[in-house]
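Work through the exercises below with the sequence and the model open. Try each task before reading its solution.

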Amino acid sequence: MKLAAKDGLAPGAVRLHLAHGVPLLRPEEQVLEAMLDGWRNQQLARNLALSTINGRERKVRAFAAHADAFPWSWSSMLADEWFGDLRAVRGCVRSTLRGYQVAVRLFCDYATDPAYGWAAECERRFGTHPIQVGHEWNTAVHMQECETEAPKRAFTRDELQAFFDHADDEVSRVRGRGRKGWLPAFRDAMLLKTAYAYGLRRNETRMLDTADFGRNPSAWPGETPLTPVSACGTVSAPRPAPASDTVSLYGVP
């Protein structure tokens with residue numbers, strides 16, 4: 001695949017993927033593959049992630065397989081049937097359905113753009129050309145910042161505070177019973193609040209090392225010197241542990 005423009009042609013142009021005037025052995029399949037290859041190059045030229053490009057291509061291929069038609073024969077009715085099947089039969093959530101719709105819509109934008117020449121090529125070879133099948137009236141609109149279902153929603157501030165308080169209470173409960181497990185419980189409470197305070201992802205939290213921690217110059221006397229301060233200031237810091245326990249947990253004097 002070539003990304004650089006040739007003879008003034010943009011990445012993804014038909015002349016970079018099909019030789020003009022050369023008959024094809026399997027024209028429908030070969031033109032479709034060349035079209036998808038050109039779309040990939042166009043997205044690579046935009047510096048999109050490979051995971052994004054591959055995911056969009058899979059979605060477009062899934063639509064072509066469901067419609068049992070090539071892009072120059074697609075219609076809004078075929079798109080409506082597929083979108084309805086994804087929602088009613090396969091049970092796709094709103095965000096997943098919108099991802100499929102966005103992929104098909106972007107591909108149609110590419111295939112119908114005169115700058116790439118695919119519409120004229122399809123007209124010459126098949127007597128018809130691609131059209132846009134995703135419109136405002138048959139695609140979902142991204143209206144909300146968070147589209148997750150209710151069971152996966154984020155905690156409210158009160159729920160978050162209760163969650164952190166419970167983690168602290170577990171430390172006191174386990175230690176009050178004279179068991180050894182209080183130190184891992186204290187570690188967990190610290191990690192949970194550290195991840196929240198600094199907006200760490202799961203893998204970033206998992207990879208934390210002692211070198212990533214520093215003393216808090218704003219800490220009051222008696223507080224643990226490694227307590228992270230939340231930017232919003234609404235979540236309490238972990239309840240302080242004895243200095244000797246903090247040293248044994250983090251190896252910091």
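The exercises cover aromatic rings, nonpolar cores, salt bridges and cysteines.

The model is predicted, so local features need pLDDT of at least 70 and side-chain atom pairs count only at pLDDT 80 or more, while totals for chains, interfaces and linings use all residues. Residues are numbered from 1 along each chain as its sequence is written, and side-chain values use heavy atoms, with hydrogens and water left out.

**Exercise 1. Classify the aromatic pair of W72 and F126, and state which parts of the chain it ties together.**

Step 1. Recall the rule: rings of Phe, Tyr and Trp (its six-membered ring) pair if their centres lie within 6.5 Å; planes under 30 degrees apart count as stacked, over 60 as edge-to-face and the rest as tilted. The structure holds 13 such pairs.

Step 2. Apply it. The ring centres of W72 and F126 are 4.3 Å apart and the planes differ by 5 degrees, which makes the pair stacked.

Step 3. Place the residues. W72 is in the loop between α2 (50-67) and α3 (76-88), and F126 is in helix α5 (residues 118-126), so the pair joins parts 54 residues apart in sequence. Helices here are DSSP runs (H or I, at least four residues), numbered from the N terminus.

Step 4. Check accessibility, where buried means under 20% relative accessible area, exposed over 50% and partly exposed in between (1.4 Å probe, protein chains only). W72 is buried at 6%, whereas F126 is partly exposed at 22%.

**Exercise 2. Do the same for W74 and F107.**

Step 1. The centres lie 5.8 Å apart and the planes stand at 55 degrees, so the pair of W74 and F107 is tilted.

Step 2. W74 sits in the loop between α2 and α3 and F107 in helix α4 (residues 94-112), so this pair ties together parts 33 residues apart in sequence.

Step 3. Both rings belong to buried residues: W74 has a relative accessible area of 4% and F107 one of 0%.

Step 4. Widen the view. W74 and F107 belong to one aromatic cluster together with W39, F63, W82, F83 and Y100.

**Exercise 3. Which charged residue lies over the face of Y100, and which over the face of W182?**

Step 1. The criterion is NZ of Lys or CZ of Arg within 6 Å of the ring centre and within 35 degrees of the ring normal.

Step 2. Over Y100 lies K59, at 5.4 Å from the ring centre. Over W182 lies R175, at 4.4 Å.

**Exercise 4. Describe the largest nonpolar core.**

Step 1. A nonpolar core is a set of buried Ala, Val, Leu, Ile, Met, Phe, Trp, Tyr and Cys residues joined through side-chain atoms within 4.5 Å. In soluble globular proteins, nonpolar side chains tend to be buried together.

Step 2. The largest core has 32 residues, and M35, F63, W74 and W118 have the most contacts inside it.

Step 3. Two or more residues come from each of α1 (27-45), α2, α3, α4 and α5. Helix α4 gives the largest share, seven residues.

Step 4. Look at one member. Leaving aside residues up to four places away in sequence, F63 touches W74, L78, A79, W82, V104 and V133, a contact being heavy atoms within 4.5 Å.

**Exercise 5. Where in the chain are the partners of the salt bridge between E121 and R15?**

Step 1. A salt bridge is a side-chain nitrogen of Lys or Arg within 4 Å of a carboxyl oxygen of Asp or Glu. The whole structure has 10.

Step 2. E121 and R15 meet at 3.1 Å, N to O. E121 is in helix α5 and R15 in the segment before α1, 106 residues apart.

Step 3. E121 is buried at 2% relative accessible area, while R15 is partly exposed at 34%.

Step 4. Turn to R61 and E57, whose closest N and O atoms are also 3.1 Å apart. These two are four residues apart in helix α2, so about one helical turn separates them.

**Exercise 6. How many disulfides are there?**

Step 1. A disulfide is a pair of cysteine sulfur atoms within 2.5 Å.

Step 2. The search finds zero disulfides. C92 is buried at 9% relative accessible area, and C122 is buried at 0%.
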